[in-house]
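Open your viewer and get ready to click through a few stops. Each stop says what to select and what you will find there.

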Amino acid sequence: MKIVYLPILVLALSLSQTFAQRPSERRTQEKIAEIGNDVDFNKGSNIYSDVIPEKWLNESAVILYTNASYSFLRRNQFSVMKEVVRKRIVLNDKAAVKEFSEFYYRKSTAAGFQIIKTDGSTRSIDAKEAILVDTTVPNFFRTSYKYSDGYFKLAIPGLEVGDIIDYFYASEDEFLDESGTVTAFQPFIQSLQSDYPTVKLDIDFTVDRGFYLSFNAFNNAPSLIEGGPGFDINGRQRKSIQTYSLTASNLDKYEDSIWDYQFVNSPTIKYQVYYSRKKIYQGTEYFVGNIGEVKNTVKPEEIANRFLEKSGTFYPHIGITAQLVSYLQKNFRGESDPDIIAEAAYYYYRFLVNSMVVKNNDDDLDASYTVGKYIFAYNMLKVLQSNGVEAKLLATTPRQYGSIEDILLGDELILGVEYIGKKGPQYLFPFSNHTSLGNYFFNIDGADAYVFDVDMKKLNLLGYQNTTLPQTRPQDNLYLTKTNITILDDFEKLDVEQLNILAGRFKNNYSGLALGGYRYLDVDREFYDFEDKKSKRGNKAIFNEKLRKEAAIDNKRKEKQVEMLKSRIEDHFAVEEYIAIELLEDGRMSENLVFKENFVIKDLVYKAGQNLIFDVGQLIGKQIELSDKHIVRSYDAQLGYSRTIEEEIVVNVPNGYKVKGLHDLQFDIDNSTSSFKSQVSEVDNQLIIKTSKTYKRNVVPVSLWMQQVESLEAAYTFTQKKVILEKI
Amino acid sequence: MKGIHLSVQNRQVTLLIYLALWCVPNIVWAQRVLPEKYRVRAEALALQYPDASEVNLKSSSIYSFQRSKRSDIPVSATQKTNYEVMSTEDNNAFKTAIFYNAGAGVNKVIARSRKGKMVDPRAIYTNYLSSGIFHDDVKICIINYDLDTKGETFTYGYEKRYEDIKFLTSVYFHEQSPVLEKEIVFEVPDWLEIDFHEINFKDFEVSKSKINNAKQGTTTYTFSAKNLPAFKKDSNSPGIAYDYPHLVVLAKGVISDGKKQKLLASSDDLYAWYSSLVNELENDNDQLIPLVESLIGESKSDIEKVASIFYWVQDNIRYIAFEEGIMGFKPEASHNVYSNRYGDCKGMANLTKQMLTLAGFDARLVWLGTNSIPYDYNIPSLIVDNHMICAVKLDDTWEYLDATETFIGLGDYAERIQGRQVMIENGEQYILENVPELDYTRNLLSRKIKMSIVDKSLKGNETFSLNGERKTSFLRQFSALKTNKQDEALSNYLSKHDKNLHLERYSNSNLSERSGLLQFDFDFLLNNQIVTVGDEIYVNIDRYKEFSSVNFEKDRTRPYDFNNKVFLLSETVLEIPKGYRVKYLPVGMNEELEDFSFSVNFEQIGNNIISKKQIAIRQSIIDESKFSTWNSTIDKVKSAYNDQIILIKK
């Protein structure tokens with residue numbers, strides 16, 4: 001099972017109530033034995049078939065049946081969550097036999113195994129030989145709920161091609177309720193497709209009184225159907241316990257492809273279960289439905305109300321709000337330009353947070369872990385509105401999870417601020433250590449959103465409307481390199497001086513790397529005239545020792561930075577030596593991140609008689625190599641963001657040589673999705689190469705994919721071109 | 001099902017935490033300054049050992065020996081090890097690992113600060129995953145200590161107890177970090193007969209002393225060495241036992257009540273112990289009989305019968321190794337391996353032996369050390385072997401059957417066991433033999449390519465065959481692929497993932513057949529290999545360029561292990577297009593050395609250019625003394641590979 005963490009979890013901390021009460025350890029072993037008894041391999045033999053559909057006979061393995069049951073029941077003051085998963089898999093080849101011969105299942109679960117041989121005989125497998133391991137567990141074996149407390153590894157004996165392995169695991173966890181809070185169980189966004197095709201899949205939920213189920217199905221995944229009354233913890237059927245189920249069948253395996261959003265393409269379900277004795281969740285980030293109902297949508301008003309309710313609980317952060325307001329009053333009194341006010345507030349807010357959480361300019365600590373989305377929106381709205389800027393709350397979700405109208409889970413939500421600048425609506429979102437104004441998460445580029453008109457004084461919702469976040473243009477996300485190359489005397493190595501100019505999303509991607517060992521906190525302190533009084537206290541020897549250690553840390557970071565930069569160059573070239581990096585513009589408050597590098601590469605120039613043959617095409621770095629299976633595409637290509645990559649390369653031709661064979665290096669592909677253009681010339685004994693590669697869309701529909709392929713193939717073909725340096 | 005886990009956020013920033021963070025926005029440094037002399041010494045050490053973060057100023061291990069209370073184990077051993085560590089850099093998060101296992105446990109881990117105060121070594125005890133082993137009892141104790149300042153020192157130590165002296169096998173001098181003063185001390189009681197076998201001591205400066213302590217009834221053996229660099233981690237180097245100095249501890253006997261009791265005095269004793277474990281086996285072979293009968297048939301020759309059984313075990317028993325405690329030495333019973341369909345080398349060897357015995361052959365278990373260790377049975381120690389196979393007598397000759405090597409044919413031997421000394425069971429005695437050593441020609445890759453220039457591309461046909469280790473390695477990897485991925489994998493293999501090469505047709509020999517050559521034949525169109533300038537065509541006809549990137553770093557000090565010997569013969573024929581003649585042919589190269597040779601030649605014969613390439617690496621390990629020669633050879637090889645044929649219009 002592929003685990004994908006939501007980028008928003010990294011980028012925006014939610015300060016929500018938690019469900020993470022530790023489960024009671026008591027009775028664990030007895031419970032494991034007890035819940036194991038609930039599983040009967042003979043149960044349900046009439047609801048699955050062991051016949052492999054003909055179209056899947058060549059698959060390595062086929063999942064004949066999966067049944068995942070999740071029950072949420074009450075036992076006294078505890079919530080009891082029970083998970084029982086059964087899978088029945090036929091192994092069609094040796095690879096599958098090998099994979100399932102070494103089986104993993106989670107600690108604290110009951111597990112049972114049986115093998116059905118090709119002659120129909122059944123062998124049960126004793127799990128007592130299982131070994132507790134703390135190694136990485138293959139994705140397929142990871143459990144859904146609770147996956148991090150260790151796994152058992154079991155060698156399954158006697159497996160052969162054609163066997164069916166039928167297994168289950170079952171676990172039960174208790175959670176003591178705290179009055180006045182919501183217990184929120186693990187949220188999921190889950191594709192119904194697996195690494196192997198599935199003949200039939202059942203998912204069941206049993207939900208006791210007091211539990212709330214949120215669930216929705218997307219991309220033709222089957223809907224949840226309500227069943228009859230369920231059974232309580234003691235096995236008694238009760239009308240107050242509701243059951244739900246879904247059945248899916250004939251699910252092909254999902255094969256990842258380049259630039260793919262699986263949850264937009266594949267049958268997908270989202271769900272989360274909550275428990276609350278009283279429906280008290282105002283301080284939380286959860287969207288909880290009503291008793292007896294399955295919640296399947298989150299209305300815009302709910303988002304606004306959740307924000308307003310939470311805003312009433314932000315007294316711990318009044319300090320930051322006050323400092324922001326005070327900073328603007330002191331430095332921007334009377335300022336009417338909304339862009340200047342927004343910029344000042346944003347960067348000062350970033351400085352305050354960095355000062356709190358970042359230790360000695362250490363990028364390992366990310367400010368975004370401290371700036372929650374609700375807090376950020378609250379502070380920025382407060383400050384902007386109090387300074388007369390028209391500012392609204394904005395809610396959106398990353399495009400890989402679908403539309404804002406499809407959100408169901410609190411963690412899917414991204415909050416920001418829309419303010420009206422001089423050039424129209426502008427957008428602010430929680431920052432990381434170096435994020436510059438307007439340079440927000442790429443995965444909401446062009447996403448649809450709600451804009452809420454809120455009065456931050458009265459904490460009232462005045463109205464809302466749907467909107468779409470702007471899609472950045474190719475020229476907004478620019479990676480430009482200006483490179484000067486000298487062929488060294490041995491005619492084997494090239495000295496490369498490269499100026500890197502990055503803007504937009506590229507800047508976000510490279511800031512951490514380019515700013516290694518850079519004392520950006522000191523730069524900010526100086527910018528804000530912030531005196532670090534504490535550091536100047538104490539005796540001189542201690543102070544000097546502190547400086548020496550800081551310098552040692554910086555040196556280590558610079559060494560690490562050089563290693564990483566060298567490694568990045570090695571992705572494209574055979575590197576003889578990485579000589580230096582120089583940071584020219586940090587891009588933290590400006591448009592561009594600019595740094596210069598000097599390195600020596602080899603294996604691009606070879607002798608051909610008295611002439612030289614030069615792999616000049618490779619100077620633009622490795623390009624995407626599409627294989628045949630990439631070229632045939634079933635789903636839209638999600639390129640993330642539109643972008644431009646430009647190269648300006650000057651090669652100093654060695655004295656006594658002239659360049660021949662430039663005619664093959666001229667490319668001019670330009671279509672509605674992308675372009676790749678090159679101009680190559682020789683001027684004054686310099687070989688001048690200019691290339692430009694543009695992705696014009698952040699999403700390329702399948703119907704236009706071949707246009708994108710055309711540009712990608714052209715760029716790859718360019719890299720294969722060579723010229724001759726002919727001895728004069 | 002594929003899913004994602006949206007972890008619930010559980011950070012609740014309270015007013016208190018907020019204020020604490022805000023009030024202490026800056027780094028709080030330890031309020032102390034280390035005396036200058038420490039820093040000065042650390043800086044000198046940093047110059048001497050630039051790659052190290054810390055240096056062991058002193059390291060000592062004292063081994064003492066005790067009579068065991070267990071009747072089956074005469075002697076135990078205790079190792080007390082101490083280190084004094086100096087950090088040679090600031091902000092050093094010192095971390096080191098102590099290995100231990102079920103037979104040699106670690107305890108009494110302590111640490112003291114520079115001033116002698118007891119500090120927490122933050123010891124973490126965890127499992128260690130040995131490569132390729134499903135489960136064993138190897139564990140590590142990780143010690144963590146923050147050395148904030150360059151020159152800061154601390155000491156740590158631990159006690160390791162070997163329940164049975166025979167598991168105390170070897171002691172090394174070098175450590176993960178450099179050591180200025182190293183001392184290894186053995187306090188040997190008079191009742192214990194012990195030898196220390198010195199390995200790799202040539203050119204190693206070590207002082208030795210032997211002091212008899214009559215009063216204590218002991219003799220103290222001390223080995224001291226100075227200024228030892230850290231173990232070097234060079235990629236693809238052979239095991240450290242090959243080149244690092246160490247002592248093999250040979251506990252030969254114990255005197256009890258005036259009588260001498262043998263421990264591992266000779267390989268006879270080693271064999272006796274191994275044999276005793278094998279004799280404990282209760283193989284229930286009844287269920288094997290129908291299988292064996294079906295495999296050997298009635299009309300097969302002996303060789304065919306042996307092959308049938310050997311191949312059945314290879315094909316049907318998966319290698320899954322359990323190496324915990326005594327199971328690291330004792331085979332699993334044959335019926336268990338058979339019904340489990342898995343086993344480790346010992347279990348697979350035992351099953352092979354039992355099946356062959358049922359078939360009427362003289363089959364034996366065989367102990368040996370693979371080529372990852374340098375010892376032979378002149379040393380009576382558990383350290384000398386790490387593998388078990390089966391031997392069967394055919395025409396008065398021992399054939400060695402290693403069923404863990406899938407797809408290997410009868411009479412063929414994997415590189416790792418070739419030439420290795422083996423101990424073959426033989427009742428009360430044993431037989432010492434050697435697995436035959438096969439020369440480099442066993443691993444022949446033979447290739448023939450014919451091509452011509454068609455529309456700025458090279459169009460042609462290639463055939464090649466693999467044998468030996470190349471063949472078994474391919475078959476093993478290919479058979480492990482999912483069936484529906486095999487075509488794509490084969491296509492990628494033939495094209496070498498080169499987007500420029502389009503396969504137009506291919507065929508191959510049976511990809512599950514272990515006998516004979518593994519053969520491939522394909523037609524291709526190869527783009528982007530030709531540059532046309534005016535009347536001239538530049539063409540490079542070598543798309544393989546074998547070994548061109550294998551260049552040894554100047555600071556490499558340890559041998560390089562190719563894992564296999566290499567033999568390659570290749571012939572490429574390029575048809576000269578009509579209307580063109582050869583303007584320039586690459587000069588080629590030829591370098592013939594004792595351990596390896598390369599030759600790349602070009603010649604024009606009629607209307608064809610023929611390039612012949614021959615590569616032979618006759619020993620799988622290249623010694624560091626030959627790195628320089630290797631590098632200069634590879635430079636010449638690269639030049640030959642990259643040189644272009646130039647054709648010109650007539």
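Select F100(A), F103(A), Y104(A), Y105(A), F113(A), F141(A), F152(A), Y167(A) and Y196(A): together they form one aromatic cluster. Keep in mind as you look around that this is a predicted model.

How many aromatic pairs does a search of the whole structure find? Counted over all chains, there are 98. One to pick out is F429(A) with F441(A), a tilted pair whose centres are 6.0 Å apart and whose planes meet at 50°. This pair links distant parts of the chain, with the two residues 12 apart. Both F429(A) and F441(A) sit in the loop of chain A between strand 21 (424–428) and strand 22 (448–455). Are these rings buried or exposed? F429(A) has a relative accessibility of 2%, under the 20% cut-off, so this residue counts as buried. F441(A), at 7%, is buried as well.

Now move to chain B and select F474(B) and F478(B). Their ring centres are 5.6 Å apart and the planes lie at 10°, so this pair is stacked, an angle under 30 degrees being the requirement. Where do the two residues sit in chain B? They belong to helix 8 (residues 468–479), and because they are 4 residues apart there, about one helical turn separates them. F474(B) is buried, with a relative accessible area of 10%, and F478(B) is also buried, at 10% relative accessibility.

Next come two places where a charge meets a ring. In chain B, select R341(B) and Y338(B): the charged end of R341(B) sits over the ring of Y338(B), 4.6 Å from the ring's centre. Then return to chain A for R633(A) and W705(A), where R633(A) lies over the face of W705(A), 4.9 Å from the ring centre.

To finish, zoom out and show chain B as a whole. Its secondary structure consists of 10 helices and 39 strands. Along the principal axes, the C-alpha atoms fill a box of roughly 95 × 80 × 60 Å. Of the 650 residues in chain B, 54% are buried. Among the chain B contacts with a separation of 6 or more, 72% join residues 24 or more positions apart.

Switch on the surface of chain B, and about 29400 Å² is exposed, with carbon and sulfur atoms supplying 48% of that area. Colour by charge for the last view: chain B carries 78 positive and 88 negative side chains, and the centres of these two sets are 5 Å apart.

Methods
Residues numbered from 1 in each chain as written. Chains lettered and ligands numbered in written order. Predicted model: local features only at pLDDT ≥ 70, side-chain atom pairs only at ≥ 80, totals over all residues. Heavy atoms only, no water. Buried < 20%, exposed > 50% of the residue type's maximum accessible area, 1.4 Å probe, protein only. Contact = heavy atoms within 4.5 Å. Areas by Shrake-Rupley, 256 points an atom, 1.4 Å probe, with all protein chains shown as cover. Lys, Arg positive; Asp, Glu negative; His and termini not counted. Charge placed at Lys NZ, Arg CZ, Asp CG, Glu CD. Phe/Tyr/Trp six-rings, centres within 6.5 Å; stacked < 30°, edge-to-face > 60°. Lys NZ or Arg CZ within 6 Å of the ring centre and 35° of its normal.
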